[in-house]
Amino acid sequence: MVGMTQKDNIIEVQNVTFTYNEAERPALHDVSLSVQRGSWTAIIGHNGSGKSTLARLLNGLLVPDDEKSKIYIDGIELTDDTVWQIRNDIGIVFQNPDNQFVGATVEDDVAFGMENRGVSRAEMQEVVQRVVADVRMTDFIKSEPARLSGGQKQRVAIAGIIAIKPKIIILDESTSMLDPEGKKDVLDLIRRVKEQNDLTVVSITHDIEEASEADDIIILNDGEIVQTGTPKEIFQQVELIDRMGLEVPFINQLIAQLRANGIDVPLAVTNESELTDYLWKLNSNM
Ligand SMILES: Nc1ncnc2c1ncn2[C@@H]1O[C@H](COP(=O)(O)OP(=O)(O)OP(=O)(O)O)[C@@H](O)[C@H]1O
Ligand SMILES: [Mg+2]
C-alpha cells in the first residue's frame, strides 16, 4: 500500500529558525527533525541549547522567524488557524511543578483544561475521577496543590494533561526537581499512560540514564541539531557527547575506557549484560 513504507511521523519540523526579541543570534537555527508516532524521543543538550524553545514552538507558544520554517503536528501544519486545535494535541509538563497550578484543589486544577474546552459538567466529573485515580492521587482530590510534594504535584499536572487526551506529551525537565524516588515514580507513570493512551513522548532531559532508555535521541547544541539516532548509536560517540558538554552513561564510559586500554570490545556490545557476557568469554579464553 502506498504510504505503508513511509515513516509515520507525528511531529515534523522543517528548517525552523527562531530568534527572541532583541537577541543577537537565533535560539534555534534551521532545525529539522521528525518524531515517530508512538515513540519516546529524548532531546538532550547543554543549558541554553534551545530545547525549551523547541518545545514552545511545537505548541505555538512561540512563532518561528520566517516562512521557510514549517511545523507539522499529526499531518497538520501549525498556523494561526490550527494553533488551538494543535494545543489540544500536545500537553507540556514543565520543570517547576509550582508554576503550573491554577486550581484551588487538585480536582479543580485537573478540570481546568477541560473547562476551557467546553466539556460538559457530567463528563468532566467522570474524567477528573478517572485521571486522578490513574495518577494515584484520589486520596488528595480535595487537597490544595501547594501542599503536595514535588512528585505529587507533577502527577497532578500529568492528570490535567491526560484529561485533555493529547496525542503527544512533552516533558521539559519535568523530573529534574524531584528526588530519585519521585523521578522514577513520575517516569513510570508516564510510561504507563503512554502505553494505555497510544501517546508519543518527547522528553527534554539532563538525565542521561533516562535518555538511554528512549527509542530515539536528538542532540541540540547552540540552537542546531548535531546528531540524531538510537541511544546505542548516540552513546557510542563518547567524544562527541563529551564535546557537547554532556554526560555519557556509565556503561558506555566503561566500554570506551576498555577500548582505550586495548580491550577490543565489539561495537555490538552496548549494555551491561552484553558487556558482562563478553568479558566472561574473554576471560575464559585467556
Ligand atoms: N524569553 C527569552 N528571551 C530571550 N532569550 C531567551 C529567552 N528564553 C531563552 N532565551 C535564550 O535562548 C537560548 C535557548 O534557550 P532555551 O531556554 O531554549 O534553552 P534550553 O536548552 O532549554 O536550556 P536549559 O537546559 O537551561 O533549560 C538561550 O541562549 C537563552 O538564553
Ligand atoms: Mg530549558
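**Asp198.** I looked up Asp198 and found a relative accessible area of 66%, so I noted the residue as exposed. The model is predicted, and I read each entry below with that in mind. Asp198 lies in the loop between helix H6 (180-197) and strand E8 (200-204). I checked its backbone too: phi is positive, about 60°, although Asp198 is not a glycine.

**Asn15.** I then went to Asn15, a residue other than glycine with a positive phi, near 50°. Asn15 lies in strand E1, residues 9-18. I noted Asn15 as partly exposed because its relative accessibility is 33%, and the partly exposed class runs between 20% and 50%.

**The aromatic pair.** I searched the whole structure for aromatic pairs and got one. The partners are Phe18 and Tyr20, in an edge-to-face arrangement with 4.8 Å from centre to centre and 90° between the planes. I asked myself which of the two is buried. Phe18 has a relative accessible area of 6% and is therefore buried. Tyr20 stands at 32%, so I put it down as partly exposed.

**Ligand 1: the shell.** Tyr20 came up again when I listed the residues around ligand 1. Tyr20, Ala27 and His46 are in that list, and so is the run Asn47, Gly48, Ser49, Gly50, Lys51, Ser52 and Thr53. Glu173 and His206 complete the list. I sorted the shell by class and counted two nonpolar, eight polar and two charged residues.

**Ligand 1: contacts.** Which atoms of the protein does an oxygen atom of ligand 1 approach at Asn47, Ser49 and Gly50? At Asn47 the partner is an N or O atom in the side chain, 2.9 Å from a ligand oxygen. At Ser49 I found a polar backbone atom, with a ligand oxygen 3.2 Å away. At Gly50 the partner is again a polar backbone atom, and the distance to a ligand oxygen is 3.0 Å. I also looked up the cover: on its own, ligand 1 has 640 Å² of accessible area, and the protein covers 58% of this.

**Helix H1.** Lys51, listed in the ligand shell, is also one of the buried residues of H1. Helix H1 covers residues 51-58, and I noted it as largely enclosed by the rest of the structure because six of its eight residues are buried. The buried ones are Lys51, Thr53, Leu54, Ala55, Leu57 and Leu58. For the spacing of such positions I kept one general remark: an α-helix has 3.6 residues a turn, so residues three or four places apart point the same way. After H1 comes Gly60, and I read a positive phi there, near 75°.

**Strand E7.** I used Gly60 as a reference for Ile169: the two are 109 residues apart in sequence, and their C-alpha atoms are 14 Å apart in space. Ile169 is in strand E7, residues 168-172. Its relative accessibility is 1%, so it counts as buried. Asp172 is in strand E7 as well. I wondered whether Asp172 is buried or exposed. At 7% relative accessibility it falls under the 20% limit, so Asp172 counts as buried. From Asp172 I took the C-alpha distance to Gly38, which is 18 Å, with the two positions 134 residues apart in sequence.

**Two threonines in loops.** Thr82 is in the loop between strand E5 (76-77) and helix H2 (83-89). Despite the loop position I noted Thr82 as buried, because its relative accessibility is 13%. Its side chain reaches the backbone nitrogen of Thr79 at 2.8 Å. Thr270 is in the loop between helix H10 (250-260) and helix H11 (272-285). Thr270 has 11% relative accessibility and so counts as buried. I checked Thr270 against Ile170, 100 residues apart along the chain, and found 27 Å between the C-alpha atoms.

**Charges over rings.** Last, I looked up arginines placed over tryptophan rings. The charged end of Arg87 sits over the ring of Trp84, and I noted 4.7 Å to the ring centre. For Arg191 the ring is that of Trp40, with the charged end sitting over it at 5.5 Å from the centre.

Key: Residues are numbered from 1 along each chain as its sequence is written. Chains are lettered from A and ligands numbered from 1 in the order in which they are written. This is a predicted model: local features need pLDDT of at least 70, side-chain atom pairs count only at pLDDT 80 or more; totals for chains, interfaces and linings use all residues. Side-chain values use heavy atoms; hydrogens and water are left out. A residue is near a molecule or strand if one of its heavy atoms lies within 4 Å of it. A polar contact is a pair of N or O atoms within 3.5 Å; within protein, one must be able to donate a hydrogen and the other to accept it, and residues adjacent in sequence count only if both atoms are side-chain atoms. Accessible areas come from the Shrake-Rupley method with a 1.4 Å probe; for residues, only the protein chains shown count as cover. Ala, Val, Leu, Ile, Met, Phe, Trp, Tyr, Cys and Pro count as nonpolar, Asp, Glu, Lys and Arg as charged, and the others, Gly among them, as polar. Rings of Phe, Tyr and Trp (its six-membered ring) pair if their centres lie within 6.5 Å; planes under 30 degrees apart count as stacked, over 60 as edge-to-face and the rest as tilted. Buried means under 20% relative accessible area, exposed over 50%, partly exposed in between (1.4 Å probe, protein chains only). A charge sits over a ring if NZ of Lys or CZ of Arg is within 6 Å of the ring centre and within 35 degrees of the ring normal. Helices (H or I, at least four residues) and strands (E, at least two) are DSSP runs, numbered from the N terminus.
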